Amino acid sequence: MKPQQHIVITGASRGLGAALARRLAGQGIHLDLCARDISEVSALSEALIALGSTVAWAGVDVADTPSVTEWIDTIYAQSPIDMLILNAGIFDGKGEDGALETPARAAALIGTNLTSAVVTALTAVSYTHLRAHETRHDL
């Protein structure tokens, strides 16, 4: 029996993240999803289960580094990750008055859109690196 493929998606509650989850869902696929909006990711999970996937989800704000690290740690305690999709992000652009975001808001955007992706990826890669060394056989 072929083991389940384990796919992790950040920012999965709507938009591209939800669309990717729907596209990848099916028999033999386990999806771990996170989003800030748990009502939307909860409803999405039900649809993905109907498509044949097993699903776990968590309310995680990727800008909160300890929460992201704990979430990835919890996932890896269950099963290695086969695919990690770093989709979470925010965008403000210009306000209704046409003004650009403030420097403080720009820093928050960078924290969510860049720093959180790097933290999530590095946390996941640390497990992949350990797993590679555990299964390595020197001749």
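1. In this predicted model, helix H2 is followed by Gly52, a residue whose phi is positive, near 110 degrees. Helix H2 itself covers residues 38–50, and its 13 residues reach 18 Å from the first C-alpha to the last, close to the 18 Å expected at 1.5 Å a residue.

2. The burial pattern of H2 deserves a look, since Val41, Leu44, Ser45 and Leu48 are its buried residues. Viewed down the axis of H2, these buried residues fall within an arc of 110 degrees, so they line one face of the helix. An α-helix has 3.6 residues a turn, so residues three or four places apart point the same way. Ser39, Glu46 and Ala50 are exposed on the other side of H2. The partners against which the buried residues of H2 pack are helix H1 (15–24), strand S2 (29–35) and strand S3 (54–59).

3. Helix H3 can be read in the same manner. Spanning residues 65–78, H3 has 14 residues and reaches 20 Å from its first C-alpha to its last, which is close to the 20 Å expected at 1.5 Å a residue. The residues Val68, Trp71, Ile72, Ile75 and Tyr76 are buried in H3. Seen down the axis of H3, its buried residues fall within an arc of 130 degrees, and they therefore line one face of the helix. On the other side of H3 one finds Pro66, Glu70 and Ala77, which are exposed.

4. Two strand residues serve as useful points of reference, beginning with Ile7, which lies in strand S1 (residues 5–10). With a relative accessible area of 1%, Ile7 is buried, the cut-off for that word being under 20%. Once its neighbours within four places in sequence are left aside, Ile7 is in contact with Leu24, Ile29, His30, Leu31, Asp32, Met83 and Ile85. Of these contacts, Ile85 is 78 residues from Ile7 in sequence, while the two are 7.7 Å apart in space, C-alpha to C-alpha.

5. The second point of reference is Asp32, which is found in strand S2 and is buried as well, with a relative accessible area of 8%. If residues up to four places away in sequence are not counted, Asp32 touches His6, Ile7, Val8, Ile9, Ala56, Trp71 and Ile75. Two of these residues, Trp71 and Ile75, are also among the buried residues of H3. Asp32 and Leu84 are separated by 52 residues in sequence and by 9.5 Å in space, C-alpha to C-alpha.

6. On the surface, Ile110, Leu114, Val118 and Leu122 make a nonpolar patch of about 390 Å². Ile110 has its place in helix H4, which comprises residues 103–135.

7. For the chain as a whole, there are four helices and four strands, and from the N terminus on these elements run β-α-β-α-β-α-β-α. Of the 139 residues of the chain, 34% count as buried. Among contacts between residues at least 6 apart in sequence, 64% join residues at least 24 apart. The chain exposes about 8,500 Å², of which carbon and sulfur atoms supply 58%.

Technical notes:
Residues numbered from 1 in each chain as written. Predicted model: local features only at pLDDT ≥ 70, side-chain atom pairs only at ≥ 80, totals over all residues. Heavy atoms only, no water. Expected span 1.5 Å × (residues − 1). Buried < 20%, exposed > 50% of the residue type's maximum accessible area, 1.4 Å probe, protein only. Arc of directions from axis to C-beta. Contact = heavy atoms within 4.5 Å. Patch = residues over 30% accessible without salt bridge, like charges linked within 9 Å, V, L, I, M, F, W, Y side chains within 5 Å. Areas by Shrake-Rupley, 256 points an atom, 1.4 Å probe, with all protein chains shown as cover. Salt bridge = Lys/Arg side-chain N within 4 Å of Asp/Glu carboxyl O.
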